[in-house]
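The exercises below are meant to be worked through with the sequence and the coordinates open side by side. Each task is followed by a solution that proceeds in steps.

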Amino acid sequence: MTAHSSHDPDAPADPAAYWEQRYAGGDRVWSGRVNAVLADVAAALEPGIALDLGSGEGGDAVWLAEHGWIVTAVDISPTATARGAAAARDRGLEDRIGFVVADLNDFGTDTRYDLVAASFLHSPVTLDRVAVLRRAAGFVAAGGHLLITTHAAAPPWAGDLHAHHAELLPPDEDLARLALDPRSWDTVLCEIRRREATAPDGTAAALDDGVILLRRR
């Protein structure tokens, strides 16, 4: 769940309407490829059950399922989750991924997961991101991991009105905002990774991703 442009004043303020309009307004929004951070981190973990929060069109969830995980993928947009479910069916993974349409501001579960992932969970419309991530930490089983991947800085092509400037923090500051009990968590990773990208005008660019990986004791 992320957007890279300045907020459109004509876009719906309601989160469900905003994201459904974004996904339903055209063809596939994302590439369908897994986020590099998730692939790198999850490849080093023993597959189990995973929760993908803000799963979009399912690129990360499909990759996890292909690599042995049983996945619950949650997104607010019915169009996005339908595209993810279609991708899972195309790969014969429909029995390994369950797609759920839900607002992360309200989402809850009694299941405890070996991996809870939230990749680029930034939104130009209402999202209590800290509350969502603190709740997500509660979904992690003992010995399991919470993986948070963020935009640590605005892309170089963004202007002063970039929609997410208030949320784009270095990972150490982002982690501090969560105020998780240090007696319950080990910090495995808290770092910035630079990623090569292509700007809207076709030129090469570099993006800074914040990576937080926590393990519940």
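**Exercise 1. A strand and its neighbours**

How many of the 7 residues of strand β4 (residues 113-119) are buried? Then identify the strands that pair with β4 and give the sense of each pairing.

Solution. The model is a predicted one, and the burial of the strand is read from it residue by residue. In β4, 6 of the 7 residues are buried, and the strand is accordingly described as mostly covered.

Next, take the pairings of β4 in turn. With strand β1 (residues 49-53), β4 pairs in the parallel sense over 4 bridges, and within this pairing Leu115 of β4 is the bridge partner of Ala50. With strand β5 (residues 140-151), β4 is joined by 6 bridges, and these two strands also run parallel; here Val116 stands opposite Leu146 in β5.

Finally, move on to β1. Of its 5 residues 4 are buried, so β1 is largely enclosed by the rest of the structure. A parallel pairing over 5 bridges links β1 to strand β2 (residues 70-75), with Thr72 of β2 as the bridge partner of Leu51.

**Exercise 2. The whole sheet**

In what order do the 7 strands lie in the sheet, and is the sheet open or closed? Explain why one side of β3 and of β6 is left without a neighbour.

Solution. Begin with the inventory: the protein chain has 6 helices and 7 strands, which follow one another from the N terminus as α-α-β-α-β-α-β-β-α-β-α-β-β. The order in the sheet is β3-β2-β1-β4-β5-β7-β6, and the 7 strands form an open sheet with mixed pairing. Because β3 (97-101) and β6 (185-198) stand at the edges and each has a single partner strand, one side of each lacks a neighbour in the sheet. Neighbouring strands of this sheet are turned against each other by 15 degrees on average, with direction ignored.

The antiparallel contribution can be located at β6 and strand β7 (residues 204-216), which pair in that sense over 13 bridges; Gly210 of β7 is the bridge partner of Ile192.

**Exercise 3. Two packed helices**

At what angle do helix α5 (residues 129-137) and helix α6 (residues 171-178) pack, and which residues make the contact?

Solution. Two packed helices are described by the angle between their axes and by the distance between those axes. For α5 and α6 the angle is about 75 degrees, and the axes lie 9 Å apart. The two helices are therefore roughly perpendicular to each other, since angles of 65 to 115 degrees fall in that class. From α5 the contact draws on Arg129, Val130, Leu133 and Arg134, and from α6 on Asp174, Arg177 and Leu178. Sorted by class, the contact of α5 with α6 comprises 3 nonpolar and 4 charged residues, and no polar ones.

**Exercise 4. A glycine in a loop**

Is Gly58 buried or exposed, and with which residues beyond its neighbours within four places in sequence is Gly58 in contact?

Solution. First place the residue: Gly58 lies in the loop between β1 and α3 (59-66). Its relative accessible area is 1%, so Gly58 is buried, the cut-off being under 20%. With neighbours within four places in sequence left aside, Gly58 is in contact with Gly84 and Phe99. Gly58 and Arg83, 25 residues apart in sequence, have C-alpha atoms 7.3 Å apart in space.

Notes. Residues are numbered from 1 along each chain as its sequence is written. This is a predicted model: local features need pLDDT of at least 70, side-chain atom pairs count only at pLDDT 80 or more; totals for chains, interfaces and linings use all residues. Side-chain values use heavy atoms; hydrogens and water are left out. Axes are lines fitted to C-alpha atoms, for helices over the stretch in contact, and angles run from 0 to 180 degrees between N-to-C directions. Angles under 35 degrees count as roughly parallel, over 145 as roughly antiparallel, 65 to 115 as roughly perpendicular and the rest as oblique. Contact means heavy atoms within 4.5 Å. Ala, Val, Leu, Ile, Met, Phe, Trp, Tyr, Cys and Pro count as nonpolar, Asp, Glu, Lys and Arg as charged, and the others, Gly among them, as polar. Buried means under 20% relative accessible area, exposed over 50%, partly exposed in between (1.4 Å probe, protein chains only). Two strands pair if DSSP finds at least two bridges between them.
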